[in-house]
Amino acid sequence: MTTDGFAARLQVAPRTVANWAAHPEMVPRLGAQDELDRLLAAAPAEVQAHLDDASASTGVEAAQVLRVAIAVLAHDGQVLLVRRRDDGAGISWQFPAGIIKPGERGEDVAVRETLAETGVHCSVKEHLGSRCHPVTGVQCDYYRCDYLAGDAYNRDSVENTGVTWAPQTQLTKFLSRETVYPPVLRMLEDTHAA
């Protein structure tokens, strides 16, 4: 099966499958892992044996919790958002984010993914905290970022359908207030009031 075909079968982006291949220590999201397990169970015995041999040779001892770095970037009364393609997680608009791979710093991922997704250069000002996301179940690290340069546009059409600077006062028109990390809401309210 091609990467594109495999991605379509799992209903994930081809970039996701490529990342799994490049980083076998990554842990897929629960829905994707369920589908991978189902496909493996239906695969011929020689494919199952090959995958068992490959996983034994990776040296990966234990699965790691999926962690994501989230960039919260407010500038001139607006906050940077990306609109994800619907993957069944029930989220469309969100802050730029990326998976933190083993050995990476969340700060670096937040900066890199903001640029990769939106064309906006930023720097991390502070770590706002961490939590298990109430919708996705993913461990999230939130970073307050400062705008440096760049015009926002959709640089990752595989994962996103759009990018926007949303008015901070209208954030909850884009994101459900219940799903926004409370320290993020406080930080945005404080920066808007200043």
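## Burial and the overall fold

A residue counts as buried when its relative accessible area is under 20%, as exposed when that area is over 50%, and as partly exposed in between. Cys-122, with a relative accessible area of 6%, is therefore buried. The structure described here is a predicted model.

The chain has 194 residues, and 36% of them count as buried. Its secondary structure comes to seven helices and seven strands. Along the sequence, these elements follow the pattern α-α-α-α-β-β-β-β-α-β-β-β-α-α. Among contacts between residues at least 6 apart in sequence, 64% join residues at least 24 apart.

## Strand E1 and its partners

Strand E1 covers residues 67-75 and runs parallel to strand E6, residues 139-149, with seven bridges joining the two. One bridge pairs Ile-70 with Tyr-142 in E6. E1 also pairs with strand E4, residues 97-99, this time in the antiparallel sense and over three bridges. In that pairing, Ala-69 has Gly-98 of E4 as its bridge partner.

A further antiparallel pairing links E1 to strand E2, residues 78-84, over two bridges. Here Ala-74 stands opposite Val-79 of E2. As a general point, side chains in a regular strand alternate between the two faces of the sheet.

## The turn between E1 and E2

E1 and E2 form a hairpin with two residues between them. Asp-76 is found in this loop. Its phi is positive, at about 55 degrees, although Asp-76 is not a glycine. Most residues other than glycine have a negative phi. With a relative accessible area of 69%, Asp-76 is exposed.

## Strands E5 and E6

Strand E5, residues 121-132, runs antiparallel to E6, and 10 bridges join them. Within this pairing, Val-124 stands opposite Cys-145 of E6. The two strands form a hairpin with six residues between them, in which Gly-137 takes a positive phi near 75 degrees. E6 thus has a role in two of the pairings described here: antiparallel with E5 and parallel with E1.

## Two cysteines without a disulfide

How many disulfides does the count come to? The count is zero. Cys-122 is in no disulfide, and the nearest cysteine sulfur, that of Cys-145, is 4.1 Å away. A disulfide is a covalent bond between the sulfur atoms of two cysteines. The cut-off for counting one is a pair of cysteine sulfur atoms within 2.5 Å. The sulfur of Cys-145 has its closest cysteine sulfur in Cys-122, and at 4.1 Å that is too far for a bond.

Is Cys-145 buried or exposed? Cys-145 is buried, with a relative accessible area of 3%. Cys-122 is buried as well, at 6%.

## Helix H5

Helix H5 covers residues 106-118, and Ala-116 has its place there. Thr-114 also lies in helix H5. At 0% relative accessibility, Thr-114 counts as buried. Leaving out residues up to four places away in sequence, Thr-114 touches Ala-71, Leu-73, Leu-80, Pro-96, Gly-119, Val-120 and Cys-122. Among these, Cys-122 is one of the two cysteines discussed above.

Ala-116 counts as partly exposed, at 31% relative accessibility. Beyond its neighbours within four places in sequence, Ala-116 is in contact with Arg-155 and Asp-156. The C-alpha atoms of Ala-116 and Asn-154 are separated by 8.9 Å, while the two residues are 38 residues apart along the chain.

## Helices H1 and H2

Helix H1, residues 3-10, packs against helix H2, residues 14-22, at an angle of about 110 degrees, and their axes are 8 Å apart. Angles from 65 to 115 degrees count as roughly perpendicular, and H1 and H2 are therefore roughly perpendicular to each other.

Which residues make the contact? On the H1 side they are Thr-3, Asp-4, Phe-6, Ala-7 and Leu-10, and on the H2 side Pro-14, Val-17, Ala-18 and Trp-20. By class, the contact of H1 with H2 has seven nonpolar residues, one polar and one charged.

Conventions
Residues numbered from 1 in each chain as written. Predicted model: local features only at pLDDT ≥ 70, side-chain atom pairs only at ≥ 80, totals over all residues. Heavy atoms only, no water. Pairing = 2+ DSSP bridges. Helix = DSSP H or I, 4+ residues; strand = E, 2+ residues; numbered from the N terminus. Axes fitted to C-alpha atoms, helices over the stretch in contact; angles between N-to-C directions. Parallel < 35°, antiparallel > 145°, perpendicular 65-115°, else oblique. Contact = heavy atoms within 4.5 Å. Nonpolar A, V, L, I, M, F, W, Y, C, P; charged D, E, K, R; others polar. Buried < 20%, exposed > 50% of the residue type's maximum accessible area, 1.4 Å probe, protein only.
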